[in-house]
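Here are a few exercises to work through with the model open beside you. Try each task before reading its solution.

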Amino acid sequence: MLLQTLKNSQITDNEISELMISQEKVAHVQSNNPLDHALLVLIKSGYTSIPVLDKQYKVQGQVGKAQILDSILGMERIEMERLHEYFVSDVMTEKVPRMKKDETFGKALMLSINHPFVCIEDNDGAFLGIMTRRSILALIHRHLEKI
Ligand code: 2BA
């Protein structure tokens, strides 16, 4: 019933843009960045995990605090002095949910079940921004209020 309502409701281009945090506001790193830089960006931004982009602003994957700390976990302590030995490419995962801007809201909703954010790309694969679980839930809430 809810899904049908959402499928039938016209989610306009405007709303998709509204949902998206645009690229310039998304905290991100590049795969050739040293790991200490990536940890700094993650700590300063407050996010658990952020997109990894290449020089052409194409999505390569994502990296999170847990992966970084795991890579420098010693037998008895976190060996922070080893941070500069690694690059983002050593610990990132290429698994990142992604979709094109003109794909359906249903796809974004489905992806957000298992992922806190979805990367949005244009037809050439350039990174446009992210759609977060929070903005997807907010849109559903807005549509439910209209029923
Ligand atoms: P998390 O970092 O695990 O954040 C989970 C939720 O906690 C966020 O959900 C948000 O509601 C809140 N939160 C965390 N850090 C925050 C902060 N610095 N300021 C305000 N609220 C904060 P969502 O907003 O749905 O975001 C889902 C995921 O999308 C985040 O997961 C993060 O991985 C990513 N994300 C969100 N905004 C981002 C941005 N501007 N740059 C990079 N990644 C972002």
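**Exercise 1. Find out where Ser-112 sits and what surrounds it.**

Step 1: Ser-112 belongs to helix H6. Helices here are DSSP runs of H or I with at least four residues, strands are runs of E with at least two, and both are numbered from the N terminus.

Step 2: Check the cover. Ser-112 has a relative accessible area of 7%, so it is buried. The cut-offs are under 20% relative accessible area for buried, over 50% for exposed, and partly exposed in between, with a 1.4 Å probe and protein chains only.

Step 3: List the neighbours. Leaving aside residues up to four places away in sequence, Ser-112 touches Val-118, Arg-133 and Ile-136; a contact means heavy atoms within 4.5 Å.

A word on the ground rules: this is a predicted model, where local features need pLDDT of at least 70, side-chain atom pairs count only at pLDDT 80 or more, and totals for chains, interfaces and linings use all residues. Residues are numbered from 1 along each chain as its sequence is written, and side-chain values use heavy atoms, with hydrogens and water left out.

**Exercise 2. Look at Ile-136 from its own side: is it buried or exposed?**

Step 1: Ile-136 is part of helix H7.

Step 2: Its relative accessibility is 1%, so Ile-136 counts as buried.

Step 3: Now for distance. Ile-136 and Ser-112 are 24 residues apart along the chain, and their C-alpha atoms are separated by 7.9 Å.

Step 4: Beyond residues up to four places away in sequence, Ile-136 touches Leu-19, Phe-105, Ala-108, Leu-109, Ser-112 and Met-131.

**Exercise 3. Describe how H6 and H7 pack.**

Step 1: Helix H6 covers residues 105–114 and helix H7 residues 133–146; they pack at about 130 degrees, with axes 10 Å apart. The axes are lines fitted to C-alpha atoms, for helices over the stretch in contact, and angles run from 0 to 180 degrees between N-to-C directions.

Step 2: That angle is why H6 is oblique to H7. Under 35 degrees would be roughly parallel, over 145 roughly antiparallel, and 65 to 115 roughly perpendicular, with the rest called oblique.

Step 3: On H6, the contact uses Phe-105, Ala-108, Leu-109, Ser-112, Ile-113 and Asn-114, while H7 brings Arg-133, Ile-136, Leu-139 and Ile-140.

Step 4: Sort those residues and you get 7 nonpolar, 2 polar and 1 charged. Here Ala, Val, Leu, Ile, Met, Phe, Trp, Tyr, Cys and Pro are nonpolar, Asp, Glu, Lys and Arg are charged, and the others, Gly among them, are polar.

**Exercise 4. Place Asn-114 relative to Arg-133.**

Step 1: Asn-114 lies in H6, and its 63% relative accessibility makes it exposed.

Step 2: From C-alpha to C-alpha, Asn-114 and Arg-133 are 9.5 Å apart, with their positions 19 residues apart in sequence.

**Exercise 5. What is the phi of Tyr-57?**

Step 1: Find Tyr-57 in the loop between strand S3 (49–53) and strand S4 (59–64).

Step 2: Its phi is positive, about 60 degrees, although Tyr-57 is not a glycine. Most residues other than glycine have a negative phi.

Step 3: With a relative accessible area of 31%, Tyr-57 is partly exposed.

**Exercise 6. Zoom out: how many helices and strands does the protein have?**

Step 1: There are 7 helices and 7 strands, in the order α-α-β-β-α-β-β-α-α-β-α-β-β-α along the sequence.

Step 2: Of the 147 residues, 40% count as buried.

Step 3: Among contacts with a separation of 6 or more, 53% come from residues 24 or more positions apart.
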